[in-house]
Amino acid sequence: MTIVFDGIALGMLLFLISVGLSVTLGLMNFVNLANGAFAMLGGYVGVLLVNRWGVPFLGALALSTLCSLVVGATLERLLYRRLYAASHMDHVLFTVGLIFVSISLAAYFFGSGVQVIELPAFLQGRIEAFGVGFDSYRSFLIVVAIAIAAALQRILTSTRFGASLRAAVDNPRTARGVGIEVDRIFTITFAVGSALAGLGGALGTQMLGLDPVFAIKYVVYFLIVVIMGGPGSIRGSFLASMSIGVFDVVGKYYVPELGAFVIYVLMLAVLVARSRGLLPKFGGRS
Amino acid sequence: MTPSWEAAAVRLRERERWKSPETVFWCAALVAPFVLPDDHLFLSQIAILGLFCLSLDLVLGIAGILSLGQAAFFGLGGYTAGLFAIHVDGDPLLGLVVAMVATSLLGVLAAPLLLGGRDLTRLLITVAVAGILYEAANKWSAVTGGVDGLQGIVIAPLFGKIEFDLGGTVAYWYALAVLFLVFLGLRRLKSSPFGLALAGIRLNPQRMPALGVPVDRRLTVAYAIGGAVAGIAGALLAQTTQFVSLDALSFHRSAELMLILVLGGAGNLYGALLGAIVFSVAHHLLSEINPMYWQFWMGTLLILIVLFAKDGLTGGLSRLRDHLWKGGTAP
């Protein structure tokens, strides 16, 4: 039971980090492999704030989310924007370049060791409920992720912003014609995706381990989430993250010899099975 | 008036002709070990990297299959050659052939997975295949040595006579000879009907079936040949360094290879070689200062190439040449 619970918590982290990738790929047709780098940024900012400057944990979470938001928006305005119309290969090269840069910057400023955020007292220990003890840090994670998933789904399907975003994706020219500020909407969407990755990174130092290669280590996981869930689908990403988290933790617990093997085979199977269905959900700009 | 197909044939023959810069390039490769007598091992590594990069140029630059998992073949070739030398026979040429067969088999087996998808799907499948091989080599340590790498490879003398020396002189000539032969083969292949069909598939995948080209079969063969070339490169590295590590299969290596190819310029074979040379020299010089800086510059370079110089070094050079040439003849 605790193992499944661990798996769900891991899945929620995966969801937070990869939902940005899902949105950029599914809605904007941009392959942003550097999404993990934004998570890493959030993680390091969190470490810096809590461990060095003694900022309270929740405040640090908010600040590191904000930091990823700002950096994401800036990069989108300066660099990503120029490549929306480029090929997937250019996206991959560009974001792999960003990953390399972020890894070396992280190693330069923080060293290559593993960093962990010190948790506040209220997130240590366990909560007793229904006769089972739940780790409170993991419970917190799950609650936060579910709240965010619900909010995102709601924003995308039933607000004016969500409608504008979907219109901008379906047909940017017409959307511009009816007065939707397409560029601004893309910037906001991208920045929110980066911010959520940053939040996931800051929340996840305990479970994922934060070191400079973080940006590249989990790329495969994020990609599988997006592929399984269907790019652009919040609910899909949520369910996929949860099953991958459980699958991974349970697999590593019972058959440790297999290790990451399971994940790659799963990825291959999903890819081959869905190779014709891997299209942006709302139609992309291709 | 000449029919258009004749004009096209003339153009193709012109493109196929051996040009003088090519002679200069290969002469430089012959002279290099005399100019740099202490760096033969380094030169041999460049030749191997160039060969590895040619494999991606065939797969990606010519056939247009987006592969970010070329390390799968490189590593498989390396492990195959290493294991063959340890358990069966130390003859280097035999080892190359075995590695080539094994990797082209992998290519034939993996190709059907790729054919259904489009760019991104293909890319991810190649990543997954390389990841599976990496994990397999990692976990199956009884055979591969796991994280410690495959040690104890002893290579017999070349042709039964020429011993590999510590300075890498034999290694360089050996690697260069293999590189040149493979290069000639690929150069031939590129302008053959097969190569032209690949280019057609890359440029217009919808139209080629209508022209009667068996797209899936062409791509499978191209992917297998590309795999074999990468496998030969991996085998060469295993034989000349007498060591294979997990690093040969890593994602990092595939990504680096793609960087080298776009740095040099994809699709014209020389871009791959030029990229390998520039990359190796830059790596050598910058790593001496600090390995961390190296990754930073590599990433920055990638970003700059994508944003500003899509056709890489060879593209830049030929634009420069056109510019000078036009400047020279302008009234």
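These are my notebook entries on the contact between chains A and B and on a few salt bridges.

**Entry 1: the model**

I am working with a predicted model, so I keep that in mind for every value below.

**Entry 2: the interface**

I began with how many residues take part in the contact. Chain A brings 40 residues and chain B brings 39. I then looked up the area buried between chain A and chain B, and it comes to about 3500 Å². Carbon and sulfur atoms give 85% of that area. On the chain A side, the residues that lose the most area to chain B are Met89(A), Leu93(A) and Phe100(A), which together make up 18% of what that side buries.

Next I asked myself how many salt bridges the rule finds across the interface of chain A and chain B. I noted 0. For polar contact, I found 1 residue pair across this interface, with both residues at pLDDT 80 or more.

**Entry 3: which elements of chain A touch chain B**

I listed the elements of chain A that give two or more residues to this side: helix H4 (88-110), helix H11 (219-229) and helix H13 (261-273). H4(A) supplies the largest share, 16 residues. Sorting the residues of this side by type, I got 31 nonpolar, 5 polar and 4 charged.

**Entry 4: salt bridges**

Over all chains I count 6 salt bridges by this rule. I looked at three of them, starting with two in chain A.

Asp183(A) and Arg176(A) meet through their side chains, with N to O at 3.2 Å. I checked accessibility for both: Asp183(A) is partly exposed at 36%, and Arg176(A) is partly exposed at 43%.

Arg184(A) forms a salt bridge with Glu181(A), and the closest N and O atoms are 3.6 Å apart. Here I have Arg184(A) as partly exposed at 45% and Glu181(A) as partly exposed at 48%.

**Entry 5: a pair in chain B**

My third pair is Glu22(B) with Arg187(B), whose side chains meet in a salt bridge at 2.9 Å, N to O. This one links distant parts of the chain: Glu22(B) sits in helix H2 (residues 20-35) and Arg187(B) in helix H8, 165 residues apart.

Are these two buried or exposed? Glu22(B) has a relative accessible area of 7%, so I file it as buried. Arg187(B) has 17%, and because the cut-off for buried is under 20%, Arg187(B) is buried as well.

I finished with the surroundings of Arg187(B), in helix H8 (residues 169-191) of chain B. Leaving out residues up to four places away in sequence, Arg187(B) touches Arg15(B), Glu16(B), Arg17(B), Trp18(B), Glu22(B) and Leu269(B).

Notes:
Residues numbered from 1 in each chain as written. Chains lettered and ligands numbered in written order. Predicted model: local features only at pLDDT ≥ 70, side-chain atom pairs only at ≥ 80, totals over all residues. Heavy atoms only, no water. Contact = heavy atoms within 4.5 Å. Buried area = accessible area lost by both parts, 1.4 Å probe. Salt bridge = Lys/Arg side-chain N within 4 Å of Asp/Glu carboxyl O. Polar contact = N/O pair within 3.5 Å; in protein donor to acceptor, adjacent residues only side chain to side chain. Helix = DSSP H or I, 4+ residues; strand = E, 2+ residues; numbered from the N terminus. Nonpolar A, V, L, I, M, F, W, Y, C, P; charged D, E, K, R; others polar. Buried < 20%, exposed > 50% of the residue type's maximum accessible area, 1.4 Å probe, protein only.
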